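Biologist: Could you take a close look at a single part of this structure for me? Please work outward from there, and keep the cut-offs explicit.

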Amino acid sequence: MSGSFYFVIVGQQDNLVFEMEFLPAGKAESKNGYRHLNQFIAHAALDLVDENMLENCSNNMYLKTVDKFNEWFVSAFVTAGHMRFLMLHDIRREDEIKNFFTDVYDLYIKFAMNPFYEPNSPIRSNAFERKVQCLGKKHLLS
Amino acid sequence: MADKVLFEFLHTEMVAELWAPHPDPGPGGQKRSLSILESIGFRVGQALGERLPQETLGFREELDVLKFLCKDLWVAVFHKQMDSLRTNHQGTYVLQDNSFPLLVPMASGLQYVEEAPKFLAFTCGLLCGTLSTLGFQSLVTTSVTSLPACKFQVVIRKP
């Protein structure tokens, strides 16, 4: 059984840096009327992520499931530079999502090393998108 | 391992290159070169701030972040820890390094004190950049009374 996933990277000023959808084969792109809903749910979850960070004095970057909206779960991962990786998913897949976050984190760090990339600005790179897509297929849609 | 020296040589060349065309550029030109060095350091600091704290996310407050700068950042870049950290608990911190690696090869004592600021500009930017990734706007200045000891004064700006 496989579900659909919506992955987004949010910057320090709650600005959108990167977003990508992972849908299982066979499901067409989600109806246009509901695509903005994903962004809305993710944005609403940011408050909970911050609250989690403040009260949970753990050293973990991975915050597991932070919020639930209708049938969507929101899992989060916070980096040292306060960049937040959010994943909206409709089925529970903690391990796979954690591995996905770790791999995307490695990828993001390498990308941030690029002197031509302005931190916190939207990521517009075909190579990055392709790699994230591969990671998504490998961890989430298998 | 040759790593330490590689960075020192690169840094020395950077400073030399910015000062080479006009050995005595006058106040306007000097300021420009200093700010170029600071912005280079800033970008490097931003990248390091993302990359270094791999597993340790225990930055509850400013003091933890400053301790991270003194220990982990200094060890990663200069292979030694900062010698002392003082604070007035109101956003001002003084980081003191008694034998700053970029100044050690130059002199020991009062010689070349006027030349020292150009060799510290990059590091000021480095501290500022790392703090900015970790979420703090800051102002970093240095003061040198006798080589190779130097002090970095960090003032965290409240939003």
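Modeller: Happy to: I'd start with B:Ser33, which counts as buried because its relative accessibility is 6% (buried means under 20% relative accessible area, exposed over 50% and partly exposed in between, with a 1.4 Å probe and protein chains only). This is a predicted model, in which local features need pLDDT of at least 70 and side-chain atom pairs count only at pLDDT 80 or more, while totals for chains, interfaces and linings use all residues. Residues are numbered from 1 along each chain as its sequence is written, chains are lettered from A and ligands numbered from 1 in the order in which they are written, and side-chain values use heavy atoms, without hydrogens or water.

B:Ser33 sits in helix α2 of chain B, residues 26-51 (helices are DSSP runs of H or I with at least four residues, strands are E runs of at least two, and both are numbered from the N terminus). Setting aside neighbours within four places in sequence, B:Ser33 is in contact with B:Leu18 and B:Trp19 (contact means heavy atoms within 4.5 Å). For a distance to check on your screen, take B:Leu134: its C-alpha atom is separated by 26 Å from that of B:Ser33, and the two positions lie 101 residues apart along the chain.

B:Trp19 leads us on to a helix pair. Helix α1 of chain B covers residues 3-19, and its axis comes within 10 Å of the axis of α4(B), crossing at roughly 115 degrees (axes are lines fitted to C-alpha atoms, for helices over the stretch in contact, and angles run from 0 to 180 degrees between N-to-C directions). The crossing of these two helices is right-handed (the near helix is turned clockwise from the far one by less than a right angle; anticlockwise would be left-handed). From α1(B), the contact is made by B:Phe7, B:His11, B:Thr12, B:Met14, B:Val15 and the same B:Trp19 that touches B:Ser33. On the α4(B) side, B:Lys118, B:Phe119 and B:Phe122 take part. Sorted by class, the residues of this contact are six nonpolar, two polar and one charged (Ala, Val, Leu, Ile, Met, Phe, Trp, Tyr, Cys and Pro are nonpolar, Asp, Glu, Lys and Arg charged, and the others, Gly among them, polar).

Helix α4 of chain B, residues 116-133, has another partner in helix α3, residues 62-78. Their axes are 11 Å apart and the packing angle is about 130 degrees. Here too, the crossing is right-handed. Helix α3(B) contributes B:Val65, B:Leu66, B:Phe68, B:Leu69, B:Leu73, B:Trp74, B:Val77 and B:Phe78. In return, α4(B) offers B:Thr123, B:Leu126, B:Leu127, B:Thr130 and B:Leu131. This contact divides into eleven nonpolar residues, two polar ones and no charged ones.

Zooming out, chain B holds four helices and four strands, arranged along the sequence as α-α-α-β-β-α-β-β. B:Ser33 is in buried company: 45% of the 159 residues of chain B count as buried. Among contacts in this chain between residues at least 6 apart in sequence, 60% join residues at least 24 apart. Chain B exposes about 8,400 Å², with 57% supplied by carbon and sulfur atoms (accessible areas come from the Shrake-Rupley method with a 1.4 Å probe; for residues, only the protein chains shown count as cover).

A backbone detail in chain B is worth a look. B:His89 lies in the loop between β1 (84-87) and β2 (92-97), and its phi is near 60 degrees, positive although the residue is not glycine. Most residues other than glycine have a negative phi. B:His89 is exposed, because its relative accessible area is 65%.

Chain A has a histidine to set beside it. A:His82, in the loop between β4 (72-78) and β5 (84-89) of chain A, has a positive phi near 65 degrees. At 30% relative accessibility, A:His82 is partly exposed.

As a companion to B:Ser33, consider A:Asn52 in helix α1 of chain A, residues 32-55. A:Asn52 counts as buried, because its relative accessibility is 17%. Not counting residues up to four places away in sequence, A:Asn52 touches A:Leu63 and A:Val66.

Chain A has three helices and five strands, in the order β-β-α-β-β-β-α-α from the N terminus on. Buried residues make up 47% of its 142 residues. Of the contacts in chain A between residues at least 6 apart in sequence, 55% link residues at least 24 apart. The accessible surface of chain A is about 7,600 Å², and 51% of that belongs to carbon and sulfur atoms.
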